[in-house]
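Biologist: Let us go through this model together. I will ask for the reasoning behind each label.

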Amino acid sequence: MSLEFETRSAMRADSVQNSDTVLGNSPSLLVASLQTADVGSIAERAKQPVQMVSFGGTSISTQVNPLLHSRLKAAIIVLMVYYVINFGLMTAGPILGWFSNFSGAAIAHLGRLAFLGLMLAALYAQPTYSTRTLRVIEYCVFGLLGLMWVFIRYESVIDDAAAGSVSEILVKGRERLIGLLFLIFTHALFIPHTWRGAARVTGLLSLAPVLVLLSVRFIHPELIETLAVVVSPGNLMRELAFLLSGAILAVYGASLLYEMRVKLRDARQMGQY
C-alpha cells in the first residue's frame, strides 16, 4: 500500500510540474486559463440587477426609489391628518364660540386637502415610479402647499387688519408659523435628501412669510399703518429667529438621516447586516 501511495504522489507531482512548465512557457495559455476561470463569476455578476438612483444629487447604489415612493406617501398622509384637524377646528370654532367668524380661506383648506388626496391616489395607483417623476411630485406637493400657506395667511391678515384686530394678527402669526414649520419638518424628516437638497426646499418655504408681507404692502398699502406693530423690527426679528431656528434644525435632522442611510448601505455591502 505504501508503494502504491508513493507512486500516486509521484504522478501528481509530475502532473503539476508539467502544467506549471507549460503555463510558464506560454503566457498566453496562462491568461486564457484565467479568463476562462473568471467567465462563470462574471456571468453570474452580470445577471444581478444594478440600480443606480439619485439621492438628492448624489448617486448611491441603494433602493432610494422605493424609499422615496413610500416616504412621499407617508408624508402626504401625515400632512392630510394635520390639515384635517386644522379644518375641523376652523369649522367648529364659530359654532362653539371659539372664533368670531368663519374664515374666508376655508375653500383653500378644502382645496389643499383635495390636492393631497389626488397626489396620494396617484402614488398608490402605480407600484413604481421613476426617481425623476417622484421628485417632480415632491416639489409640486410642497411647493403648492407653500403657496397655499401664503394665500391663507394673506387672507387672515387682511380680514383681521380690516377689523382692526392687531392682536389677532400677532397670535395667528405664531400659529401660522408653527404650521409652516410643520410643513418644513415633514419634508426634512420624511423625504430622503442630502443636506443641500433639504436646505433648498427649506429655504424656499421659509420665504413664505416674506411673500405675505410683500403682498400686503403692494396690494393693500392702506393697511400698513394698522399693521405697524406687526411689521415692527422687534416683531419681525422674533418671527425670523423662530423660523430660522426651526429651519436650521430641520436641515440638520435631514443631514443626520442621510448619513445614517449611507452608513447602513455601507454596512450591508460589507455584510454586517
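Modeller: Start with a rule. Helices are DSSP runs of H or I with at least four residues, numbered from the N terminus. Helix α8, residues 208-219, gives the most to the nonpolar patch, with five residues. Keep in mind that this is a predicted model.

Biologist: Which residues make the nonpolar surface patch?

Modeller: Leu 147, Leu 204, Leu 207, Val 210, Leu 211, Leu 214, Phe 218 and Ile 219. The patch covers about 820 Å².

Biologist: What makes Leu 211 partly exposed?

Modeller: Leu 211 is found in helix α8. Its relative accessible area is 40%. Partly exposed lies between 20% and 50%, so Leu 211 fits that class.

Biologist: How much confidence does the predictor have in the chain?

Modeller: The average pLDDT is 78, and 71% of the residues score at least 70. Two stretches stay under 50: residues 1-7 and residues 33-39. For residues 1-7 the model has zero contacts beyond four places in sequence. Residues 33-39 likewise have zero such contacts. Where pLDDT is low, the predicted coordinates should not be read in detail.

Biologist: What is the overall layout of helices and strands?

Modeller: Nine helices and two strands. Along the sequence the pattern reads α-α-β-β-α-α-α-α-α-α-α. Of the 273 residues, 34% are buried. Among contacts with a separation of 6 or more, 75% join residues 24 or more positions apart.

Biologist: How do you know that the span of helix α4 agrees with its length?

Modeller: Helix α4, residues 106-125, has 20 residues. The expected span is 1.5 Å times one less than the number of residues. That gives 28 Å, and the end C-alpha atoms are 29 Å apart, so the two agree.

Biologist: Why is Leu 110 called partly exposed?

Modeller: Leu 110 sits in helix α4. Its relative accessibility is 45%. The class runs between 20% and 50%, so partly exposed is the right label for Leu 110. The buried residues of α4 include His 109, Arg 112 and Leu 113.

Biologist: Why is Thr 202 called buried?

Modeller: Buried means under 20%. Thr 202 has 3% relative accessibility, so it counts as buried. Thr 202 lies in helix α7, residues 195-206. Leaving aside neighbours within four places in sequence, Thr 202 contacts Ile 184, Ala 247 and Val 251.

Biologist: What makes Glu 138 and Arg 135 a salt bridge?

Modeller: The cut-off is 4 Å from side-chain nitrogen to carboxyl oxygen. Their N to O distance is 2.7 Å, within the cut-off, so the pair qualifies. Both residues are buried.

Biologist: Why are Glu 138 and Arg 135 separated by about one helical turn?

Modeller: They are three residues apart in helix α5, residues 131-162. An α-helix has 3.6 residues a turn, so residues three or four places apart point the same way.

Biologist: What of the salt bridge between Arg 174 and Glu 239, and how far apart are they in sequence?

Modeller: Arg 174 and Glu 239 meet at 3.2 Å, N to O. The pair links distant parts of the chain: Arg 174 is in helix α6, Glu 239 in helix α9, 65 residues apart.

Biologist: Is Glu 239 buried or exposed?

Modeller: Buried. Its relative accessibility is 17%, and the limit is 20%. Arg 174, at 31%, counts as partly exposed.

Note on methods:
Residues numbered from 1 in each chain as written. Predicted model: local features only at pLDDT ≥ 70, side-chain atom pairs only at ≥ 80, totals over all residues. Heavy atoms only, no water. Patch = residues over 30% accessible without salt bridge, like charges linked within 9 Å, V, L, I, M, F, W, Y side chains within 5 Å. Areas by Shrake-Rupley, 256 points an atom, 1.4 Å probe, with all protein chains shown as cover. Buried < 20%, exposed > 50% of the residue type's maximum accessible area, 1.4 Å probe, protein only. pLDDT = per-residue confidence, 0-100. Contact = heavy atoms within 4.5 Å.
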